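Work through the exercises below with the sequence and the coordinates at hand. Each task is followed by a solution in steps.

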Amino acid sequence: MKKSLLLAAAAALVLPVAGFAQGALKVGTVDMNRAFKEYNKTKDSEKKINEAKDAAKKEYDDRAENYKKALEEINKLSQQLEAPALSADAKTAKAKERDEKIASIKNMEREINEFRQTREQQLQQQAMRMRENIIKEITDIIMERVKTTSYDLVFDKSGPSMNGVPVLIYSKDSADFTTDVITALNKKPVTADKPTTTTEKPATSPAAATSPASSPKKP
């Protein structure tokens, strides 16, 4: 019984090898990183993301500048309150004005922080969505090539393993069809990405980009 099981297992291992021996296994390679970088749509998408980051940074800077001015006004009122010649009525009025400005600037600070966090998240999602769409387009072109050329296997030659070692250690140059993929991609008609729509307040640049500025100090 054990002997028959061993023979069956050996046959199971031999049969696939015999099948590959009858017909050569056709293997292709693609450099996904290169295809991504040299696809014209990638450059356009990166330009749109950078423009969105710049617009967000400008709005953040404008809000931070208004915060700074409001803080200077509070400091100025505090100095005036210390003047010994100030009458009691004037001191009461200025103290009330200062307290109102402090309450206002606290709201301003909260809005700035919400603005930054929300916009960072929006831009991260926009960049991720653009990347996913581009990767899908590249994969679709590769699959078209697989169907027309009858590849058995296609490897991404740019991808390292979890150990940091390239998954594909060696392959013949003739197996690589990255240039054909890039050519096919760049022949496609350009389609504009749908703009991001949201009811939330815009904010600043994502974690992947340089953060516009740190939150202003509390009064």
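A residue is buried when its relative accessible area is under 20%, exposed when over 50%, and partly exposed in between (1.4 Å probe, protein chains only). The model is predicted, so local features need pLDDT of at least 70 and side-chain atom pairs count only at pLDDT 80 or more, while totals for chains, interfaces and linings use all residues. Residues are numbered from 1 along each chain as its sequence is written, and side-chain values use heavy atoms, with hydrogens and water left out.

**Exercise 1. Aromatic pairs**

Classify the ring pair of Tyr151 and Phe177 and state which parts of the chain the pair ties together.

Step 1. Rings of Phe, Tyr and Trp (its six-membered ring) pair if their centres lie within 6.5 Å; planes under 30 degrees apart count as stacked, over 60 as edge-to-face and the rest as tilted. The whole structure holds two aromatic pairs by this search.

Step 2. For Tyr151 and Phe177 the centres are 5.1 Å apart and the planes at 15°, so the pair is stacked.

Step 3. Helices (H or I, at least four residues) and strands (E, at least two) are DSSP runs, numbered from the N terminus. Tyr151 is in the loop between helix 4 and strand 2 and Phe177 in the loop between strand 2 and helix 5, so the pair ties together parts 26 residues apart in sequence.

Step 4. Tyr151 and Phe177 are both buried.

Step 5. A charge sits over a ring if NZ of Lys or CZ of Arg is within 6 Å of the ring centre and within 35 degrees of the ring normal. Lys26 lies over the face of Tyr151, 5.2 Å from the ring centre; Arg131 lies over the face of Phe36, at 4.6 Å.

**Exercise 2. The buried side of helix 5**

Find the buried residues of helix 5 and explain why they lie on the same side.

Step 1. In helix 5 (residues 178–187), Thr178, Val181, Ile182 and Leu185 are buried.

Step 2. They cover an arc of only 95° around the axis, taken from the directions from the helix axis to the C-beta atoms, which puts them on the same side of helix 5.

Step 3. With contact meaning heavy atoms within 4.5 Å, the buried residues of helix 5 pack against strand 1 (27–30), helix 2 (32–38) and helix 4 (88–149).

Step 4. Leu185 is in contact with Ala35, Tyr39, Glu137, Ile138 and Ile141, leaving aside neighbours within four places in sequence.

**Exercise 3. The nonpolar core**

Determine how many residues the largest nonpolar core has and which helix gives the most to this core.

Step 1. A nonpolar core is a set of buried Ala, Val, Leu, Ile, Met, Phe, Trp, Tyr and Cys residues joined through side-chain atoms within 4.5 Å.

Step 2. The largest has 15 residues, and Ile138, Ile142, Phe177, Val181 and Leu185 have the most contacts inside it.

Step 3. Helix 2, helix 4 and helix 5 each supply at least two residues of this core, and helix 4 gives the most, with five.

**Exercise 4. Two residues of helix 4**

Which are Glu137 and Thr139, buried or partly exposed?

Step 1. Glu137 is found in helix 4 and is buried, with a relative accessible area of 14%. Thr139, also found in helix 4, has 32% and is partly exposed.

Step 2. A polar contact is a pair of N or O atoms within 3.5 Å; within protein, one must be able to donate a hydrogen and the other to accept it, and residues adjacent in sequence count only if both atoms are side-chain atoms. The side chains of Glu137 and Tyr39 make one of 2.4 Å, and the side chain of Thr139 reaches the backbone oxygen of Ile135 at 2.8 Å.
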